[in-house]
Every structure is written in C-alpha cells, then in structure tokens.
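Biologist: I should be grateful for a close look at a single part of this protein, namely the largest cavity and the residues around it. Please set that part in the context of the whole chain and of the loops beside it.

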Amino acid sequence: MTKRIFGKLILSIVLLLAIWGLGAEYLVSHITEQNLQQDQVVSLSEKTRLVRSFLDGVEEVDYPAVVDRLAVDANARITAIAADGSVIADSEADPAAMENHAGRPEFREALAGREGVARRLSDTLGVEFLYVAIPMRDRAVRLALPLATIAVRGGEIRTQILWMMLLALVPSVLIAAWKSRSISSALSEIIGYSHRLAAGEFHAAVPQARGGELGELATQLRSAGKRL
C-alpha cells in the first residue's frame with residue numbers, strides 16, 4: 001500500500017512540476033523572443049545610421065560597391081532607393097531587376113522623414129526579413145536581417161532556459177520523493193490501523209505520533225481504539 005500511495009503522490013507532484021515548468025518556459029521564451037526582436041530593431045537602426053553616414057560621403061554612382069562592402073561589415077542586407085522609389089543599390093539583388101520600392105511600408109515612412117520598421121516576406125529573395133529604413137537627403141537607406149537569424153538565437157536561448165529548468169527540476173523531484181515517501185508511509189500506517197479497528201482488533205499497534213494533520217488523525221484513531 002505504501003508503494004501505491006507513494007507512486008500516486010510522486011506522480012502528481014511530477015505532473016504539477018512539469019505543467020509549471022512548461023508554462024514558465026513558454027512565458028520566459030515568449031518574453032525573451034520579444035526582447036530579442038526589439039534588441040535587433042535597435043541594433044539594426046544603429047547600423048542603418050552608420051551606413052547612411054558612409055553613403056553621405058560618396059557619389060551615387062559608387063553606391064553599389066560601397067553597399068556591397070558595408071553589407072559584409074554590417075552582416076545585413078542593404079538597400080538604397082531614390083525619392084521616386086527606384087532602387088539605386090542593393091547588396092543582394094540587381095537593382096535593375098527590382099520593382100519600385102516606394103510602396104514598401106518602411107520606405108514610405110523613411111521618405112516621409114521618419115524611421116520605418118517592418119517584418120515581412122521579401123518579394124525579391126522569398127525570405128522573411130526584419131527591415132529598418134531611415135531618410136537620407138532626398139532618398140532612403142534600409143537594412144534588413146533575416147528573421148531566421150533571430151529565430152536561431154531565440155532557439156539557443158530557449159535551450160539554455162530548458163537546461164536551467166531541468167537542473168532545477170532534479171533536486172525538486174528528489175525533495176518531493178523524500179517528502180512523498182514520508183507521507184505515504186504515514187498514510188499507509190493510518191489506513192492499516194483503521195482497517196484493523198474496523199475488523200475488531202482494538203488492541204492493534206497504533207501508528208507512530210507525527211506532526212501536522214496526519215499526526216492529529218493518528219491521535220484521534222488511537223483515542224477511538226482506546227474507547228472501543
């Protein structure tokens with residue numbers, strides 16, 4: 001009987017810990033991913049401003065070569081467009097083959113004099129990007145980072161969180177097992193004694209005195225046995 005009670009107790013505790021752990025992992029991972037994306041927006045915004053400062057000092061005809069070089073240093077895709085939306089230079093595609101970008105939401109914001117941020121699938125490359133565009137004189141410059149890069153980093157953080165939770169779970173389960181063993185042993189003694197009382201064994205050995213509710217229950221059963 002002790003083993004059966006112990007099994008039920010430890011299973012219930014492990015299930016509760018697992019549900020708590022999964023809920024906490026989801027919440028922490030969700031918050032971490034949001035913060036990571038926000039950090040990427042800030043980082044991409046800073047890089048875009050650096051790229052703008054470089055492009056401000058060169059002629060438009062030199063944009064393609066400069067953009068290709070800066071894209072390697074920034075580890076991001078760089079696109080520069082004119083005021084009419086035509087692409088001047090792009091680090092990953094041929095500007096002549098690209099459609100007008102004036103309608104892109106981030107470029108609309110940039111051409112209006114504000115920083116533009118967007119997340120969407122690239123029509124040119126077919127890859128989902130995070131975009132940040134800023135105004136630059138009568139034109140705009142944009143940096144883009146594949147969201148897959150952010151997802152990989154988020155996965156690494158999620159893995160670290162899971163390992164930390166597992167390391168915390170092991171001692172919790174061991175403590176729960178030790179406590180469950182003590183409770184199941186006490187319950188088994190009390191249940192066995194109540195069965196013997198029901199069978200008329202009024203002089204049966206009484207359970208050991210324990211603290212808490214189980215101790216109070218054992219005391220009441222001893223009293224009942226003496227009165228019987």
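Modeller: The account below begins with the whole chain, turns to the cavity and its lining, and then follows the neighbouring loops and strand.

The model is predicted. The protein has 228 residues, of which 35% count as buried. Its secondary structure comprises five helices and five strands, and the order of these elements from the N terminus is α-α-β-β-α-β-β-β-α-α. Among contacts with a separation of 6 or more, 55% are between residues 24 or more positions apart.

A search of the whole structure returns two cavities of 30 Å³ or more. The largest cavity has a volume of about 40 Å³. Its lining is formed by R77, H101, R104, R120, L121, S122, D123, T124, Y131 and R142. Sorted by class, this lining contains five charged, three polar and two nonpolar residues. Tyrosine is counted as nonpolar in this scheme, so Y131 and L121, both of which line the cavity, belong to that class.

Several of the lining residues also take part in an arrangement around aromatic rings. The structure holds one aromatic pair, formed by F129 and Y131. The two ring centres are 5.7 Å apart, and the planes meet at 35 degrees. The pair is classed as tilted because this angle is neither under 30 nor over 60 degrees. Both F129 and Y131 are buried. An arginine is found over each of these rings: R77 lies over the face of F129, at 5.8 Å from the ring centre, while R120 has its charged end over the ring of Y131, 4.4 Å from the centre. R77, R120 and Y131 are among the residues that line the largest cavity, and the ring of F129 is joined to this group through its pairing with Y131.

R104, another residue of the lining, merits separate attention. It is located in the loop between β2 (87-90) and α3 (105-111). R104 has a relative accessible area of 11% and therefore counts as buried. Apart from neighbours within four places in sequence, R104 is in contact with E99, R120, D123 and R142. Of these partners, R120, D123 and R142 also line the largest cavity. R120 thus appears both as a contact of R104 and as the arginine over the ring of Y131.

The surroundings of R104 lead to G85, which is placed in the loop between β1 and β2. The C-alpha atoms of G85 and R104 are separated by 8.9 Å, with their positions 19 residues apart along the chain. G85 is buried, since its relative accessible area is 0%. When residues up to four places away in sequence are not counted, G85 touches N100, H101 and A102. H101 is itself one of the residues that line the largest cavity.

The loop that holds R104 also contains P95, between β2 and α3. P95 has a relative accessible area of 22%, and so it is partly exposed. Its contacts, not counting residues up to four places away in sequence, are V87, I88, A89 and D90. A89 lies in strand β2 and is buried, because its relative accessible area is 0%. Beyond its neighbours within four places in sequence, A89 is in contact with Y63, P64, V67, I78, T79, A80 and P95. The C-alpha atoms of A89 and P64 are 5.0 Å apart in space, although the two residues are 25 residues apart in sequence. For P95 and P64, the C-alpha atoms are 9.1 Å apart and the separation in sequence is 31 residues.

Two other loop residues concern the backbone. Most residues other than glycine have a negative phi. N75, however, has a positive phi, near 55 degrees, and is found in the loop between α2 (63-74) and β1 (77-81). With 60% relative accessibility, N75 counts as exposed. R137 likewise has a positive phi near 55 degrees, and its place is the loop between β4 (128-136) and β5 (139-146). The relative accessible area of R137 is 53%, so this residue is exposed as well.

To return to the part requested, the largest cavity has a lining with five charged residues. Its lining includes R104, a buried loop residue, and Y131, whose ring pairs with that of F129 and lies beneath the charged end of R120.

Terms used
Residues numbered from 1 in each chain as written. Predicted model: local features only at pLDDT ≥ 70, side-chain atom pairs only at ≥ 80, totals over all residues. Heavy atoms only, no water. 1 Å grid on protein atoms, 1.4 Å probe; cavity = no way out; pocket = protein on both sides within 12 Å on 5 of 7 lines; lining within 4 Å. Points joined across faces, edges and corners; volume = space filled by probe spheres on them. Phe/Tyr/Trp six-rings, centres within 6.5 Å; stacked < 30°, edge-to-face > 60°. Buried < 20%, exposed > 50% of the residue type's maximum accessible area, 1.4 Å probe, protein only. Lys NZ or Arg CZ within 6 Å of the ring centre and 35° of its normal. Helix = DSSP H or I, 4+ residues; strand = E, 2+ residues; numbered from the N terminus. Contact = heavy atoms within 4.5 Å.
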